[in-house]
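Trainee: I'd like a close look at one part of this model, the aromatic packing and what surrounds it. Take it slowly and keep the cut-offs explicit.

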Amino acid sequence: MKRAALAVSALSLLSLTACGGGTDSDSSTGEPRPAATRAKQVTPAERLAKLVITKADVPGLDVKATSRDEGDDKYVFAKSPDDVTVDKPACAPPAYALNQLPLGEPQGDLTRFVPQGSKYTYITLTTYAPGKAESAFAGLAKGVDACGGGFAAKANGSTKYDSVTAEEPVAKAGDESLAFRATTTFRGITHTLHAQAVRKGDVVAVYVSVDGMAMVQDRPGDAKLPAPVVKAQNQKLG
């Protein structure tokens, strides 16, 4: 009997659609129900997959998934912010940003990287519930201001950042933009990472550029954020 009832319901719906009915009705009130409420909801992951840049957006460059995206955590600093311990709590947001981890209380996140020789630019997109993106962005801004003297972060290995300094964004966009650089020392050689964050509505994009071979080759690393990559991703954020 239940299968028969379901079949009748399906036929009724098809009949209404064929007759051009664009609205459904609430069974409890009989009032029309907007078509949008019946549409398939886009998940945070699906939304971010549409927002992140692809090779087509940066001609001549490639856009790749990270090891964490592909399930290979061997060389990943941390799987999530919960795995990170910071000696100064206020410096947790910069630590997350520099290691491709989401800020605040996200609904979803996605990371890609763009290789250019020995230099890599990481792009982390994060989406939030209403109001949460603003608080996540504010936490990062406070962390940059509070951590000028540096901090230490520990997860799968440990990193000591000697300094954190605000700087001008490569390209301002969205509702809010900020940029900073962080220095770390390895074998007596200074390496500089550059980062920028952009908030557009309930989505935050974080860019980090690093010279991946500088430490191996015992030379100073100072990879600037490539403007074409940053501008292309900013444009896709709307």
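Mentor: Phenylalanine 151 has a relative accessible area of 2%, so it counts as buried (buried is under 20% relative accessible area, exposed is over 50%, and partly exposed is in between, with a 1.4 Å probe and protein chains only). Tyrosine 161 comes out buried too, at 3% relative accessibility.

Before going on, remember that this is a predicted model: local features need pLDDT of at least 70, side-chain atom pairs count only at pLDDT 80 or more, and totals for chains, interfaces and linings use all residues. Residues are numbered from 1 along each chain as its sequence is written, and side-chain values use heavy atoms, with hydrogens and water left out.

Now the rings. The structure has 3 aromatic pairs (rings of Phe, Tyr and Trp, the last by its six-membered ring, pair if their centres lie within 6.5 Å; planes under 30 degrees apart are stacked, over 60 edge-to-face, and the rest tilted). One of them joins phenylalanine 113 and tyrosine 120: centres 5.8 Å apart and planes at 55°, so it is tilted. Phenylalanine 113 is buried at 14% relative accessibility, while tyrosine 120 is partly exposed, with a relative accessible area of 25%. Back to phenylalanine 151 and tyrosine 161: their ring centres are 4.9 Å apart with planes at 35°, so that pair is tilted as well. This pair ties together distant parts of the chain, with phenylalanine 151 in strand E7 and tyrosine 161 in strand E8, 10 residues apart (helices, H or I of at least four residues, and strands, E of at least two, are DSSP runs numbered from the N terminus). As for the other aromatics, ring pairs link Phe113, Tyr120 and Tyr122 into a cluster.

Phenylalanine 151 also turns up in the largest nonpolar core, which has 32 residues; there Leu98, Phe151 and Phe180 touch the most other members (such a core is a set of buried Ala, Val, Leu, Ile, Met, Phe, Trp, Tyr and Cys residues joined through side-chain atoms within 4.5 Å). H3, H4, E7, E8, E9, E10 and E11 each give two or more residues to this core. Take phenylalanine 180 as a hub: setting aside residues up to four places away in sequence, its contacts include Pro94, Ala97, Leu98, Leu140, Val144, Val164, Leu193 and Ala195 (contact means heavy atoms within 4.5 Å). There is a second, separate core of 20 residues, with Val58, Leu110, Ala205 and Leu225 among them.

Next, the strands around that hub. E8 (residues 157–167) and E9 (residues 176–186) run antiparallel and are joined by 6 bridges (two strands pair if DSSP finds at least two bridges between them). Threonine 165 has arginine 181 in E9 as its bridge partner. On to E10 (residues 189–200): E9 is tied to it by 11 bridges, again antiparallel, and glutamate 176 sits opposite arginine 199 in E10. The E9–E10 hairpin has 2 residues between the strands, and arginine 187 takes a positive phi near 55° there. Threonine 192 belongs to E10 and is buried, with a relative accessible area of 13%. Beyond its neighbours within four places in sequence, threonine 192 contacts Arg181, Ala182, Thr183, Gly221, Asp222 and Ala223.

Now return to E7 (residues 151–155), where alanine 155 also lies. Alanine 155 is partly exposed, with a relative accessible area of 27%. Its C-alpha is 9.3 Å from that of proline 81, though the two are 74 residues apart along the chain. Outside the neighbours within four places in sequence, alanine 155 contacts Phe77, Ala78, Asp83 and Val84.

Just along the chain from E7 there's a covalent link to notice. The structure has 1 disulfide (a pair of cysteine sulfur atoms within 2.5 Å). Cysteine 91 and cysteine 147 form it, with their sulfurs 1.9 Å apart. The S-S torsion is about -110°, so the disulfide is left-handed. The disulfide links distant parts of the chain, 56 residues apart: cysteine 91 is in the loop between E4 (85–86) and H3 (92–98), and cysteine 147 in the loop between H4 (132–146) and E7. Both cysteines are buried.
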